[in-house]
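This report describes the strand arrangement, the salt bridges and the cysteines of one protein model. The sequence and the structure are shown first.

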Amino acid sequence: MADVAGKERRIVVTVDESEESRHALSWCLENVISSNSKDTLLLLYVQPPRAVYTAMDGSGYLFSADIMATMEKYSNDVAQSVIEKAKRMCQDVKVETRVEHGDARDVICQMVEKLNADMLVMGSHGYGLIKRAFLGSVSNHCAQNVKCPVLIVKKPKSPSDASN
């Protein structure tokens with residue numbers, strides 16, 4: 001997607017703890033963003049839905065407020081760590097960050113629309129057919145449901161594959 005007549009593009013890049021996510025961000029910075037552009041990268045981290053446990057849910061678990069607070073703090077610390085690492089990769093690029101909660105498929109699609117994104121860049125975890133059938137593919141869902149172009153970046157399997 002070319003930088004047409006100096007128009008600022010808003011490019012959402014999903015980030016998480018995975019190598020695939022870091023590779024997609026790196027690839028985007030090298031191949032999509034030009035150093036003299038007015039592009040804005042919107043780094044989006046989606047935390048899984050907050051777990052709610054009650055005595056009536058049949059799980060047998062009832063967590064104290066302290067344990068719930070500790071779990072929430074850990075989740076927030078992970079999110080901030082991922083965002084900070086991603087921001088450090090984005091030198092000389094205008095960056096905005098968002099941390100949202102919910103099902104990644106739905107949240108990414110909603111945020112792309114809400115942020116009026118010109119492009120969505122995502123890493124691919126490279127699940128095989130069976131895993132994808134059971135777990136679902138976030139990237140496939142987003143590619144089918146967002147209104148802007150979607151770039152799904154696959155991480156090479158080995159260093160020798162990187163040159164191909």
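## Sheet, salt bridges and cysteines

Strand 1 and strand 4 (residues 119-124) run parallel and are joined by three bridges. In this pairing, I11 stands opposite M119 of strand 4. The model is a predicted one.

The wider sheet is open and consists of five strands in the order 3-2-1-4-5, with parallel pairing. Strand 3 (94-101) and strand 5 each have a single partner strand and stand at the edges, so one side of each is left without a neighbour in the sheet. On average, neighbouring strands of this sheet are turned by 25° against each other, direction ignored. Helix 1 lies across strand 1, strand 2, strand 4 and strand 5. Relative to strand 4, helix 1 runs at about 140°.

The count of salt bridges comes to eight. Three of them are listed here, including the N to O distance of each pair.

| Salt bridge | N to O distance |
|---|---|
| R9 and D39 | 2.5 Å |
| R105 and D103 | 3.2 Å |
| K147 and E113 | 3.5 Å |

The side chains of R9 and D39 meet in a salt bridge. R9 lies in the segment before strand 1 (10-14), and D39 in the loop between helix 1 (19-31) and strand 2 (40-47), so the pair ties together parts that are 30 residues apart in sequence. Both R9 and D39 are buried.

For the salt bridge of K147 with E113, the closest N and O atoms are 3.5 Å apart. K147 belongs to the loop between helix 5 (138-145) and strand 5 (150-154), while E113 is in helix 3 (residues 104-114), so this pair ties together parts that are 34 residues apart in sequence. Both K147 and E113 are exposed.

R105 and D103 also form a salt bridge. R105 is partly exposed, with a relative accessible area of 27%, and D103 is partly exposed as well, at 30%.

How many disulfides does the structure hold? The number is zero. C109 is in no disulfide, and the nearest cysteine sulfur, that of C142, is 3.9 Å away. Why does C142 form no bond with C109? The sulfur of C142 is 3.9 Å from that of C109, its closest cysteine sulfur, and this is too far for a bond, because a disulfide requires the two sulfur atoms to be within 2.5 Å. C109 is buried, with a relative accessible area of 14%, and C142 is buried with a value of 0%.

Definitions and conventions. Residues are numbered from 1 along each chain as its sequence is written. This is a predicted model: local features need pLDDT of at least 70, side-chain atom pairs count only at pLDDT 80 or more; totals for chains, interfaces and linings use all residues. Side-chain values use heavy atoms; hydrogens and water are left out. A salt bridge is a side-chain nitrogen of Lys or Arg within 4 Å of a carboxyl oxygen of Asp or Glu. Helices (H or I, at least four residues) and strands (E, at least two) are DSSP runs, numbered from the N terminus. Buried means under 20% relative accessible area, exposed over 50%, partly exposed in between (1.4 Å probe, protein chains only). Two strands pair if DSSP finds at least two bridges between them. Axes are lines fitted to C-alpha atoms, for helices over the stretch in contact, and angles run from 0 to 180 degrees between N-to-C directions. Contact means heavy atoms within 4.5 Å.
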